[in-house]
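Hello,

Here is the structure I promised to pass on to you. Have a look at it, and then read on for what turned up in it.

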Amino acid sequence: MPEYAHGGDVYSFSARFGGAPVDLSANINPYGVPPRVKQAMHDAVDACTQYPDPFCRAARQTIGAAEGVDPDRIYCGSGAADVLDRLAVVLRPKTALLLAPTFAEYERTLAGADLRFHTLRAEEEFAVTERMLDDITPELDAVYLCNPNNPTGRTIAPALLREIAARCAGVGARLVVDECFLDFVQGGETLAPYLDEFPSLVLLRAYTKMYAVPGVRFGWCMTADKALIEGLYRVGQPWNVSVIAQACAVACAQERGFARESAVRIADERAYLSAQLSARGLWVCPGKANFLLFRAQDADLQEKLAQRGILIRDCANYRGLTRGYYRTAVKTRKESNALLAALDAIQKEES
């Protein structure tokens, strides 16, 4: 079987250790699925006797209303990864620029392209700075960004992000910005209001993380390029979003209060966990999402934690990172304390 390169592999953990771990390897809202979202999915079961709407009309209408975007500028897929795959097929960039480190799926979907990398620096705490503007050159067909970035959690300053969009437009490069974790950033600014100004801009979003529904698979993109939207429909099966996933999306789009409340609670838990990790001598990246990148001297920390029932993400396979970098989800105080207790137990045992 191929190697799985992401977090959330509780199945391999259970096969190896038995039982379920405290899963801090996948960045899912610990406060669970909102009751109305759960009920909407239950209610949709009876409609599974029909094919799903191939155009996700109800979902696009509701998302459009929530985001202030024309529904015709929205394309829905079976998770953000499905949309990324389709974008790669339609855009077919010959040369693309990616961050390093960043989400590995961009590189996977662009296999065959000439990939260039803007390397984020540890001494700059992995921030995207104005240095990136120098790497956006006329040879590029596409630039992929993640805001907030995964696994660093760093956000791009809004003014710089707009400058990047303008630079991409100036050199004729498509700009794809993954905003899938933006709901967790208090006061986070989407580029959605700038779709008209930058017709080549594509924004990627998903309800997976905020509404704790990774098993449902629903994501979408937004762009003013209607030809691109039409192309996305043509390059795959027409029924890629299930009846239940579409019902889930409609309900999630109406739960903005839940998202705002979750972002506040996660910010408090992130501050607590960051301070506690730092107090244990670990370097912690100042991210603003629902996860934290940290560095430890111990290159085997993931395995040692797994043996204690804690699953974190080893980030050594991220381009631009090395052994000793790890990512942990920010969850409840109970789960954070379980991680901290396990770290203390490891330190005590080894001292």
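Let me start inside the protein. Cys221 is buried, with a relative accessible area of 0%. The closest cysteine sulfur to that of Cys221 belongs to Cys76 and lies 8.5 Å away, too far for a bond. Cys315 is buried as well, also with a relative accessible area of 0%. For the sulfur of Cys315, the closest cysteine sulfur is in Cys285, at 10 Å, which is again too far for a bond. A disulfide would need two cysteine sulfur atoms within 2.5 Å, and by this rule the count comes to zero disulfides. Please keep in mind that this is a predicted model.

Now for the whole chain. Its secondary structure comes to eleven helices and 13 strands. The radius of gyration is 20 Å, close to the 20 Å that the globule rule gives for 351 residues, so the chain is as compact as a globular protein of that length. Along the principal axes, the C-alpha atoms fill a box of roughly 60 × 55 × 40 Å. Of the 351 residues, 52% count as buried. If you look at contacts with a separation of 6 or more, 73% of them are between residues 24 or more positions apart.

On the outside, the accessible surface comes to about 15,300 Å², and carbon and sulfur atoms account for 49% of it. The chain has 39 positive and 43 negative charges, and the mean positions of the two sets are 2 Å apart.

Two buried residues make a good place to zoom in. Asn29 lies in the loop between strand S1 (22–23) and helix H2 (35–43). Although it is in a loop, Asn29 counts as buried, at 3% relative accessibility. Which residues does Asn29 contact, leaving aside its neighbours within four places in sequence? They are Phe184, Lys209, Met210, Ala212, Phe258, Ser262 and Asn290.

The other is His118, found in strand S4 (residues 114–119). His118 counts as buried at 1% relative accessibility. Not counting residues up to four places away in sequence, His118 touches Leu97, Leu98, Leu99, Ala100, Arg131, Met132 and Asp135.

One of those contacts, Ala100, leads on to the backbone. Most residues other than glycine have a negative phi, and most peptide bonds are trans. Here are some places to check against that.

- The peptide bond from Ala100 to Pro101 is cis, with omega near 5°. Pro101 sits in the loop between strand S3 (95–100) and helix H5 (104–109).
- Asn147 and Pro148 are also joined by a cis peptide bond, where omega is about 0°. You will find Pro148 in the loop between strand S5 (142–146) and helix H6 (158–171).
- Cys56 is not a glycine, yet has a positive phi of about 45°. Cys56 is in the loop between H2 and helix H3 (57–67), and at 2% relative accessibility Cys56 counts as buried.
- Phe126 has a positive phi of about 60°, again without being a glycine. Phe126 lies in the loop between S4 and S5 and counts as buried, at 2% relative accessibility.

If you would like a short tour, begin with Asn29 in its loop, go on to His118 in S4, and finish at the cis bond between Asn147 and Pro148.

Enjoy exploring!

Best wishes

Technical notes: Residues are numbered from 1 along each chain as its sequence is written. This is a predicted model: local features need pLDDT of at least 70, side-chain atom pairs count only at pLDDT 80 or more; totals for chains, interfaces and linings use all residues. Side-chain values use heavy atoms; hydrogens and water are left out. Buried means under 20% relative accessible area, exposed over 50%, partly exposed in between (1.4 Å probe, protein chains only). Helices (H or I, at least four residues) and strands (E, at least two) are DSSP runs, numbered from the N terminus. The radius of gyration is taken over C-alpha atoms; the globule rule is 2.2 Å times the number of residues to the power 0.38. Contact means heavy atoms within 4.5 Å. Accessible areas come from the Shrake-Rupley method with a 1.4 Å probe; for residues, only the protein chains shown count as cover. Lys and Arg count as positive and Asp and Glu as negative; His and the chain ends are not counted. The place of a charge is taken as NZ of Lys, CZ of Arg, CG of Asp or CD of Glu.
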